[in-house]
Amino acid sequence: MAANAIIDDLRDRIAHLEGSSARHKATLPFGVAEIDKRLPGGGLAYGAIHEFAGGGSGVVDGAAAAAFAAGIAARTKGKIVWCLARSDLFAPALAQVGLHPDRVIYVEALKEEFVLESCEEALRFGGLGAVVAELVRLPMTASRRLQLAAEGSGTIGLIVRRWRRQTEAADFGNPTASTTPWRISVLPSEPLPVPGIGHARWLAELIRVKAGESSEFIVGACDASGRLNLSANASDRSDQAEQSFSTG
């Protein structure tokens with residue numbers, strides 16, 4: 001009888017671990033087949049952190065990276081915690097990509113170290129749709145702590161890298177524990193039938209993904225539900241990317 005009790009206990013523990021693992025392997029699809037097929041599990045992994053940076057050090061590309069991350073957060077369920085140290089986030093712009101103000105809890109910190117602490121605490125708390133943090137630097141040790149916190153709760157962490165000067169942008173190339181790092185650049189708008197008006201487009205570069213390959217996509221900016229669409233003119237990717245980087 002004692003042996004059977006031990007075996008039953010072991011079975012319960014294994015089932016618990018397997019259930020936890022399955023929860024953490026859940027993904028959030030983009031809903032665009034060309035993107036999702038490049039990602040293990042068909043989307044961005046929950047229980048993990050993902051990085052987003054502008055293709056250049058300018059404000060325009062940085063805003064696109066923030067909007068890209070906001071669109072992802074908009075497609076999750078539950079409250080969103082957004083941690084930041086700079087008070088220039090424009091809430092109406094987030095609403096345009098589906099992340100409405102009534103879903104967002106803003107955590108304003110005096111300096112970046114406190115942003116990291118707030119992000120880790122929110123990730124460990126669990127029960128949230130997503131946790132977003134605006135950071136200049138993300139050292140390997142700090143990224144591992146955030147990754148472990150995300151794994152423990154199953155919450156998705158979105159790190160928006162922001163820079164005040166060109167020299168800080170070089171930090172994005174350093175290794176981190178993030179599951180996917182993305183680089184977002186603004187491209188010339190896709191023309192619409194109305195003169196002088198176009199639909200915003202981005203070059204989304206998947207720099208690295210575990211158990212996958214790097215890729216790049218020309219996408220239409222997030223709509224009011226946070227969803228992307230592939231640009232109709234994706235065939236001119238190289239020319240548009242070159243133009244974007246030369247003017248960024």
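User: Before we look at helix packing, what counts as contact?

Analyst: Contact means heavy atoms within 4.5 Å. Keep in mind that this is a predicted model.

User: Thanks! How should I read a pair of packed helices, and at what angle do α5 and α6 pack?

Analyst: In general, two packed helices are described by the angle between their axes and the distance between the axes. Here, α5 (residues 112-125) and α6 (residues 140-153) pack at about 20°, and their axes lie 7 Å apart. Angles under 35 degrees count as roughly parallel, so α5 is roughly parallel to α6. Their crossing is left-handed.

User: Which residues of α5 and α6 meet?

Analyst: From α5 come Leu116, Cys119, Glu120, Leu123 and Arg124; on the α6 side they meet Ala142, Arg145, Leu146, Ala149, Ala150 and Ser153. By class, this contact has seven nonpolar residues, three charged and one polar.

User: Now the sheet: what is the order of its strands?

Analyst: Follow the pairing from one edge to the other. The sheet is open, with nine strands in the order β5-β4-β6-β7-β3-β8-β9-β10-β11 and mixed pairing. β5 and β11 (229-230) are the edge strands, each pairing on one side only. Helix α3 (residues 59-74) packs on this sheet, touching strands that include β3, β4 and β8, and its direction makes about 110° with that of β8.

User: How many bridges join β4 to β5?

Analyst: Five bridges join β4 (residues 80-84) to β5 (residues 104-108), and the two strands run parallel. To find the register, pair Ile80 with its bridge partner Val104; Val81 then stands opposite Ile105. With helix α4 (residues 91-96), β4 and β5 make a right-handed β-α-β unit.

Definitions and conventions:
Residues numbered from 1 in each chain as written. Predicted model: local features only at pLDDT ≥ 70, side-chain atom pairs only at ≥ 80, totals over all residues. Heavy atoms only, no water. Axes fitted to C-alpha atoms, helices over the stretch in contact; angles between N-to-C directions. Helix = DSSP H or I, 4+ residues; strand = E, 2+ residues; numbered from the N terminus. Parallel < 35°, antiparallel > 145°, perpendicular 65-115°, else oblique. Left-handed = near helix turned anticlockwise from the far one by under 90°. Nonpolar A, V, L, I, M, F, W, Y, C, P; charged D, E, K, R; others polar. Pairing = 2+ DSSP bridges. Right-handed = clockwise from strand over helix to strand, strands pointing away.
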